Amino acid sequence: MSRALVLISLITVVTGACESKPERRESKVALDDLGDAILNSPASRIVSLSPVTTEMLFALGAGPRVVGRTHWDLYPEAAKAVQDLGNGMEPNVEAILGVHPDLVVLYASPSNRAAAVQLIKTGIATLAIRDDHLADFRRTLMLLARAIGDTITGRTIADSVERTLHAVQSMARPARPPTVFWHVWDKPIMTIGAGSYMNELVEIAGAKNIFGDLPEPSPQVTLEEIVRRNPDFILVGPATVQALRESPLWQSVPAVKAGHLLVVDTLLVARPGVRLGEAAKSLRALILKDTVR
Amino acid sequence: MKPRTWIILLVVLAVAALAGLALGPVSLAPGTVWHALFGDGDANAVAIVRVLRLPRIALGVVIGAGLGMSGAALQATLRNPLAEPYLLGVSGGAAVGAVIAVALHFTSLAVLPIAAFAGAAFAVTLVLLVARAAGARGDPRVLLMAGVVVGAFANAAVMVLLAGAPAETVRGALWWMMGSLSDATWQGTRWVAVYVIAGGALLLALSREIELLALGEDPAAALGVDVERATRRVYLAASLVAAVTVAGAGLVGFVGLVVPSIVRALGARSVRSVMLGAAIAGGALVVAADVVARTARAPAELPLGAVTALIGVPFFLSRLRRMT
Amino acid sequence: MIKFDDVVLRYPRAARAAVNGVSLVAPRGAITAIVGPNGSGKSTLVRALLGRIAPERGGVSLDDVRLETLTRREAARRVALVPQREEPAFPLVVRDFIGLGRYAFGGVWSGETPADRAAIEHASNRAGVSEFLQRRTTDLSGGEWQRVRIARALAQGGDALVLDEPTAFLDVAHEMGVFELLDTLAREGRAVLLVSHQLNLVARFATRIALLHNGALAAFGSPAEVMRGDLLEKVYEWPLVVSRDPAVGAPVLVPLRHRAPRSTQ
C-alpha cells in the first residue's frame, strides 16, 4: 500500500532510432524522455496492462500482487480472477486509480504516453516496456523482477526460457530451410516482418519467413507478392484457416492449393512471454515435424 | 458526343485494363503476361494474371460503370452537379452493416458484402420514408436533407460501434471503408455485374424522364412526367446500383461525382449519352486508380478509396476556378 | 376547353383555402387571362393544372374530360403549360430543348420520329426561333428564352396553351412580341390561358379576364366589365384610375400616388 517515494517511469522509447542499442544493465536502466528511473521499494499492488507482463508477473510468483489487468489477459487461469480494467492501449486512468496501485506496467507506445504522464502526476510509479524482440524478453522480465524485489526467480525463469530456445535452435536444420508465410490478418493481408519477435521464433524453429526482409513488425502485403515468393507452408490461426481453404483467390498460392496449411496455436505464440520456449518448440514441431528432446 | 470522342473513351478503357493486367506489385514481363493470359508459362504468373488480376479488372470496370451511371443520373435528377451516388444514405448504411459484420467476426467471404448491401438498402429506404414523412413530393432539397440526416445517424452509429471495439475490428472496418478491389473473385464479380447491368439498364430506360427532370419539377410535369413516381424510381435505381458497388468493393468515393462532369466537358449532352459515357469513363478511372493503388507502395497496397479521393482535389479546384 | 368548376384548392396543413370555389372557362380561339394581387391564388390554379395539387372540391377538366382521369402524359398532349420560371441544370441546344416537348408521344426507347421532327420544325417557325436552333439555352436573351419555351410548348401539339407570367423580366418590345404571338396562336384556334400581372396588356389582348381576390373570383368577364376603377381599387388596395387609351381603345390602368382612395364605397 505504500507509494514509491520517488516517482518516475522508465519508458524505453518506441522509435527505431532509440531502439537500436538498448542498454541492458540491471542496476541502472536506459534513459528515456521523462527521466531516469530508480525503484525504491518492491511494489505490492501492481496493475499490469499487457498480457505479456501479466503472464510474467504470475510466473514470478507475484500473482497475488496483481490488482488489475487488461481485458485480454487471460493466462494463466488465475489471472482471470484479477479485476478487468479494460484496454491496455489508451487505458482508462480512472479505473486504474480505482484499484489503488503503486506500480502500473504498460506497453511502451505513443498512445500510452499520455496515460503514463497522468499516472506519474498522481504519484504512481509506471513501468513502460517494449516487447517486440526476443532480446526484450530478458530485460522486461528482469525489470519486473526488480520491481517486485525478486531478481533470483527472474533470472531462473529467464535462463530456463533461453535454454529451451537455444535447444530448439541447435536442432538439426535441413540444407534448405522450409519457407513459411505467417498469415496474421486478412483485410488487409498482414504478416510478420523482421521487426517482430515472431520472425525470430520462426528462424529459431529452423524455418524462413518469406517476408523476413521487410523491416516492420507487421507489414501489409499483397496476394500477388505471396504467390511470387511461393512459401512451402502457410501458418494461420484456427479462426481463419477454413476461410483460407475456401477462398478462390488464395487457391492461386501453391501451398494453399496443396493443402500445406499449418494451424498455429495463437494463444501460445502470440505473446513473447514466459512460454517463448514452448512457442519455439511448438513451431518446430509444426513446421519441421520433429521435437526437441 | 462526337463518334471520335466515344472511340477515345473506349480506347482509354482498354488501355487501363491492359495496364491493370500488366502492372502490379509483382512485375511481370509483357511476354509473360500474354502467355499467362492463355494459361501458358510459369504457374505462378498464370495464377497472378488469371486468378488475381483479371477478376480484379473486371470488378473495377463494373464498379466504375455503376458509380458513373448512378452519379450521372442523380446529378441530372437533383439538378446539382455536386450530387454523387452515395448521397441518399448509401455509404453510411453500408458502413454500419459492414462494421457490424466485422465486429461479429464473420470471416466468410460472402457475409461482408451482403451485410454492407443490406445496410445500404435499409438506409435508402429510411431516407425515402423520412422524406415522405416530411411531406415532400420528390422535392430534391428535402431528400438531400433526409440523406444528410440518415448519413449523420449512420456515422454516429459507426463511431459508437468502433469506439469499444478491439484494434483488429477497427482496422478491418477502416480498411473496408476505404475501398478495395483485392477481394475480387469471378463469382463475386459476376453477381455485382448482374445487378449493375440491371440497374444501369433501368436508369437508361428512365433517361428521357431524367432529361426532363433536369429542367425542374414544374417543367417536367408540364411536359408529361409523373414527377413523384419518376424521381422515386431514379433514386431507388441509382442508390441500389451504388449499394451493389459498395458491397463489391467498399466505399470508392469521387468516381460518381467527377466522371459525369468530365463526360459533359467532353461534349456529351443528352442524359443518355452522359450516362453511357460515364459508365465507360468510370470503369477506366477505377481500373487506373487500382493500378496506382497496387503499385505506388508495393508490396503494401493503398486503399482504392484513398487514390480516388486524390482525384477530388484537382476536380474541386477546377470547379472553384470556374466559379470565380 | 379548360374549365375550372367550383374548384377549392387547399395546401396541406393550411387553415385557409388558397382557391375557394372558383369557376372559369378558357375557350378555344381566345385569350383568357387570370389576374389578381400576389397571393390571390393564381399560381395555385396553375399548379392544379399541373396535377401538383388535387382539388378538395370541384374539378378541372379539359374538353369535359376530368383532369384526374388523365395520366400526366395524356394531359401533356392536350395542354401545354409554360411555367413561370425554369432553370435547366445543364445547358442544352435549343433544338434539343424544343424536342423535349415531344416526350409525351414517345416510348421508352424511341428516338425522334418524322412526326416529332415536323412538330418541332412547325413549332420553331411559329415561335420565331428557327434562326437560333443550334445555339445553347444559356446563350439566349430573356426574350429569346421565352420564345424558345413557347416553341417547346407548341411542339407538344395540344390545343391549349397555359402560360404563367410569360412576360416577367421582358422589356417592352419583347413583351409585345410575346403577346402578339399569343394573339395569333389564339386566333388559329387554340385556347390560351395566361396568368399575368400586366393588366394593361391583358386588357388589350384578352377576350376575358378573371380577377381573383383572396382565392375567390371578384369578376370574370370582358376587359370592359372587369377593368373598373372601383373594383380594381378594392382588390388591389391601391388608389388608381382606369382611363381609356385613345390609340387602341382599350382600358388603361393608372396607379396613383398613395393618398386616401377617391370613393369610400
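Two strands pair if DSSP finds at least two bridges between them. With that in hand, let's walk through this predicted model.

Q: In β8(C), which residue is the bridge partner of L161(C)?
A: Strand β7 of chain C covers residues 160–164, so L161(C) belongs to β7(C). This strand runs parallel to β8(C), and 5 bridges join the two. Within β8(C), the partner of L161(C) is V192(C).

Q: Which residue in β8(C) stands opposite A33(C)?
A: Another strand to look at is β3(C), residues 30–35. It pairs with β8(C) in the parallel sense, over 5 bridges. Opposite A33(C) in β8(C) stands L194(C).

Q: Which residues of β8(C) point the other way from A191(C), L193(C) and V195(C)?
A: In a regular strand, side chains alternate between the two faces of the sheet. A191(C), L193(C) and V195(C) point one way from β8(C). The other way point V192(C) and L194(C).

Q: Is β8(C) mostly covered or mostly uncovered, and how many of its residues are buried?
A: The cut-off for buried is under 20% relative accessible area. Residues on both sides of β8(C) are buried, V192(C) and L194(C) as well as A191(C), L193(C) and V195(C). The strand, residues 191–195, is thus mostly covered, and the count of buried residues is 5 of 5.

Q: Which helix makes a right-handed β-α-β unit with β7(C) and β8(C)?
A: The strands β7(C) and β8(C) run parallel. The helix that completes the right-handed unit with them covers residues 172–187 of chain C. That helix is α6(C).

Q: Of the 2 pairs of chains in contact, which share the most contacts?
A: Chains A and C do not touch, as their nearest C-alpha atoms are 40 Å apart. The contact between chain C and chain B takes 32 residues from chain C and 28 residues from chain B. The pair sharing the most contacts is chains B and C.

Q: Which three residues supply 32% of the area that chain C buries against chain B?
A: Chain C and chain B bury about 2,500 Å² between them, with 57% of it on carbon and sulfur atoms. On the chain C side, no other three residues supply more than this trio. They are R52(C), F90(C) and Y103(C).

Q: With which residue does E217(B) form a salt bridge?
A: The interface of chain C and chain B holds 3 salt bridges, and 10 residue pairs there are in polar contact. In the salt bridge of E217(B), the closest N and O atoms are 2.5 Å apart. The partner of E217(B) is R52(C).

Definitions and conventions
Residues numbered from 1 in each chain as written. Chains lettered and ligands numbered in written order. Predicted model: local features only at pLDDT ≥ 70, side-chain atom pairs only at ≥ 80, totals over all residues. Heavy atoms only, no water. Buried < 20%, exposed > 50% of the residue type's maximum accessible area, 1.4 Å probe, protein only. Helix = DSSP H or I, 4+ residues; strand = E, 2+ residues; numbered from the N terminus. Right-handed = clockwise from strand over helix to strand, strands pointing away. Contact = heavy atoms within 4.5 Å. Buried area = accessible area lost by both parts, 1.4 Å probe. Salt bridge = Lys/Arg side-chain N within 4 Å of Asp/Glu carboxyl O. Polar contact = N/O pair within 3.5 Å; in protein donor to acceptor, adjacent residues only side chain to side chain.
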